[in-house]
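This report goes through a protein model by region, beginning with a loop residue and moving on to the sheet, the ring pairs and a second loop.

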Amino acid sequence: MFGIVIGPSGQNQPGVRYAPIEGATVEARGTKGTFNTTSDSIGGFQFNSVPPGDYTLTVSKPGYGAFVKQVTIKAAGV
């Protein structure tokens with residue numbers, strides 16, 4: 001599972017509303033375990049070897065509101 005963390009850019013420029021967030025904590029918690037990672041300099045994050053199942057994905061960083069979403073990881077080829 002992978003993704004990009006973005007948030008308000010803080011810039012007052014037309015068309016620039018969101019920017020990558022570096023250093024956000026990303027947690028996937030489900031019945032098959034809890035997995036944690038941190039977003040990189042371009043907001044990217046990746047979990048390796050997360051078993052298929054339902055997870056609660058939580059993204060947080062001081063100064064930003066937490067983002068929580070239910071996600072389902074499916075087996076490859078399904």
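## Ser 39 and its surroundings

Ser 39 sits in the loop between S5 and S6. The model is a predicted one. Is Ser 39 buried or exposed? Its relative accessibility is 4%, and a residue under 20% counts as buried, so Ser 39 is buried.

The side chain of Ser 39 makes two backbone approaches, described here in turn. At 2.7 Å it reaches the backbone oxygen of Ile 21, and at 2.9 Å it reaches the backbone nitrogen of Ala 24. Ile 21 and Ala 24 also appear among the residues in contact with Ser 39 once neighbours within four places in sequence are left aside. The others in that set are Val 5, Glu 22, Gly 23, Gly 44 and Phe 45.

## The open sheet

Which strands form the open sheet, and in what order? Four strands take part, in the order S5-S4-S7-S8, with antiparallel pairing. S5 and S8 are the edge strands; each has a single partner strand, so one side of each has no neighbour in the sheet. On average, neighbouring strands of this sheet are turned by 20° against each other, with direction ignored. Strands of a sheet pair through backbone hydrogen bonds, in either a parallel or an antiparallel sense.

Strand S4 covers residues 25–30 and is joined to S7 by six bridges, the two strands running antiparallel. On the other pairing of S7, seven bridges link S7 to strand S8, residues 67–73, again in the antiparallel sense.

## Bridge partners and the hairpin

Thr 58 can be followed across the sheet. It is the bridge partner, in S7, of Glu 27, and it stands opposite Val 68 in S8. The residue Leu 57 has Lys 69 as its bridge partner in S8. In a regular strand, side chains alternate between the two faces of the sheet.

S7 and S8 form a hairpin with six residues between the strands. In this hairpin Gly 63 takes a positive phi near 95°.

## The salt bridge

How many salt bridges does a search of the whole structure find? The search finds one. The side chains of Glu 27 and Arg 29 meet in a salt bridge, with an N to O distance of 3.3 Å. Arg 29 has a relative accessibility of 47% and therefore counts as partly exposed. Glu 27 is also the residue whose bridge partner in S7 is Thr 58.

## Aromatic pairs

The structure holds two aromatic pairs. In the pair of Phe 35 and Tyr 55, the ring centres are 6.2 Å apart and the planes stand at 65°, so the pair is edge-to-face. Phe 35 belongs to strand S5 (residues 33–38) and Tyr 55 to strand S7, so the pair ties together parts 20 residues apart in sequence. Tyr 55 is buried, because its relative accessible area is 1%.

Phe 45 and Phe 47 also form an edge-to-face aromatic pair, with 6.0 Å from centre to centre and 70° between the planes. Phe 45 has a relative accessible area of 10% and is therefore buried. Phe 47 counts as buried too, at 5% relative accessibility. Phe 45 is in addition one of the residues in contact with Ser 39.

## The loop between S6 and S7

Asn 48 lies in the loop between strand S6 (44–46) and strand S7 (53–60). Is Asn 48 buried or exposed? Its relative accessible area is 57%, and the cut-off for exposed is over 50%, so Asn 48 is exposed. The side chains of Asn 48 and Gln 46 are joined by a polar contact of 2.9 Å. The C-alpha atoms of Asn 48 and Gly 3 are separated by 12 Å, while the two residues are 45 residues apart along the chain.

Ser 49 is found in the loop between S6 and S7 as well. At 71% relative accessibility Ser 49 counts as exposed. What is the phi of Ser 49 near? It is near 60°, a positive value in a residue other than glycine. Most residues other than glycine have a negative phi.

Key: Residues are numbered from 1 along each chain as its sequence is written. This is a predicted model: local features need pLDDT of at least 70, side-chain atom pairs count only at pLDDT 80 or more; totals for chains, interfaces and linings use all residues. Side-chain values use heavy atoms; hydrogens and water are left out. Buried means under 20% relative accessible area, exposed over 50%, partly exposed in between (1.4 Å probe, protein chains only). A polar contact is a pair of N or O atoms within 3.5 Å; within protein, one must be able to donate a hydrogen and the other to accept it, and residues adjacent in sequence count only if both atoms are side-chain atoms. Rings of Phe, Tyr and Trp (its six-membered ring) pair if their centres lie within 6.5 Å; planes under 30 degrees apart count as stacked, over 60 as edge-to-face and the rest as tilted. Two strands pair if DSSP finds at least two bridges between them. A salt bridge is a side-chain nitrogen of Lys or Arg within 4 Å of a carboxyl oxygen of Asp or Glu. Contact means heavy atoms within 4.5 Å. Axes are lines fitted to C-alpha atoms, for helices over the stretch in contact, and angles run from 0 to 180 degrees between N-to-C directions.
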